[in-house]
Amino acid sequence: MKKISIVGTAGIPACYGGFETLVENLTAYSSGNIKYNVFCSGKTYGKKMEEYNGAELTYIALNANGIQSIPYDILSLLQSRKSDVILILGVSGCIALPLIRLISNAKIITNIDGLEWKRNKWNYAIKKFLKFSEWLAVKFSNVVIADNQEITRYVKENYGIDAVTIAYGGDHVLQ
């Protein structure tokens, strides 16, 4: 059985955004040979379940968003080091990837989630940090995922890496 840790979301059950919905669907439609461990924000969930959709839930006593997302993701990554695969959603905690690669044999898959460092809501210092964290994510991940072709093109042009494009968010259209 493969153990896959999922880092970078507020957690499940989904109550925040697209990555949480993705994780809820991954766990709901999981094959029997995968055991998920989903890291959840202890600040987001009042009721802390041990398991959801068959996935083990691990709570970190920080917010998954904003400035606390950095230590939240780093703590989640450190606790994921014994997993077979670490799926990272977003780049804020990827500052820790060089260390994780030293202490873990896990395959690291990162969905870089767009160009977060370009968003106007961040000041100059945070933009620089996020850009550096994005660079580390691309450099130290075994697989980089982009959710659209433009991000895939950006990764190729800026880092020389072929990202895997996995679009999501339209599953409701099939119903």
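Eight strands make up an open sheet in this predicted model, and their order is 3-4-2-1-5-6-7-8, with mixed pairing. Strand 3 (51-52) and strand 8 (164-165) stand at the edges; each has a single partner strand, so one side of each is left without a neighbour in the sheet. Strands of a sheet pair through backbone hydrogen bonds, either parallel or antiparallel. Below is a short tour of the pairings, the nonpolar cores and one buried serine.

**How the strands pair**

- Strand 1 (residues 2-7) runs parallel to strand 5, and four bridges link the pair. If you want a place to look, find Val7, which stands opposite Ile88 in strand 5.
- Strand 2 (residues 34-41) and strand 4 (residues 55-60) also pair in the parallel sense, here over five bridges. Phe39 has Thr58 in strand 4 as its bridge partner.
- Strand 3 pairs with strand 4 in the antiparallel sense over two bridges, and Tyr52 has Ala55 in strand 4 as its bridge partner.
- These two strands, 3 and 4, form a hairpin with two residues between them. In the turn, Asn53 has a positive phi of about 55 degrees.

**The nonpolar cores**

- In soluble globular proteins, nonpolar side chains tend to be buried together.
- The largest nonpolar core here holds 29 residues, of which Leu77, Ile86, Ile88, Leu97, Ile100, Ile112 and Val155 touch the most other members.
- At least two residues of this core come from each of helix 2, strand 5, helix 3 (97-103), helix 4 (124-140), strand 7 (143-146) and helix 5 (149-159). Helix 5 gives the most, with four residues.
- Separate from this is a second core of 16 residues, which includes Cys40, Val85, Leu87 and Leu89.
- Which residues does Ile86 contact, leaving aside its neighbours within four places in sequence? They are Ser5, Val7, Leu77, Ser80, Ile100, Ala106, Lys107, Ile108 and Ile109.

**A closer look at Ser83**

- Ser83 sits in the loop between helix 2 (69-79) and strand 5 (85-89).
- Is Ser83 buried or exposed? Its relative accessibility is 6%, and the cut-off for buried is under 20%, so Ser83 counts as buried.
- The side chains of Ser83 and Ser5 are joined by a polar contact of 2.5 Å.
- Not counting residues up to four places away in sequence, Ser83 touches Lys3, Ser5 and Ala106. Ser5 and Ala106 also appear among the contacts of Ile86.

Technical notes
Residues numbered from 1 in each chain as written. Predicted model: local features only at pLDDT ≥ 70, side-chain atom pairs only at ≥ 80, totals over all residues. Heavy atoms only, no water. Buried < 20%, exposed > 50% of the residue type's maximum accessible area, 1.4 Å probe, protein only. Polar contact = N/O pair within 3.5 Å; in protein donor to acceptor, adjacent residues only side chain to side chain. Contact = heavy atoms within 4.5 Å. Pairing = 2+ DSSP bridges. Core = buried A, V, L, I, M, F, W, Y, C linked by side-chain atoms within 4.5 Å.
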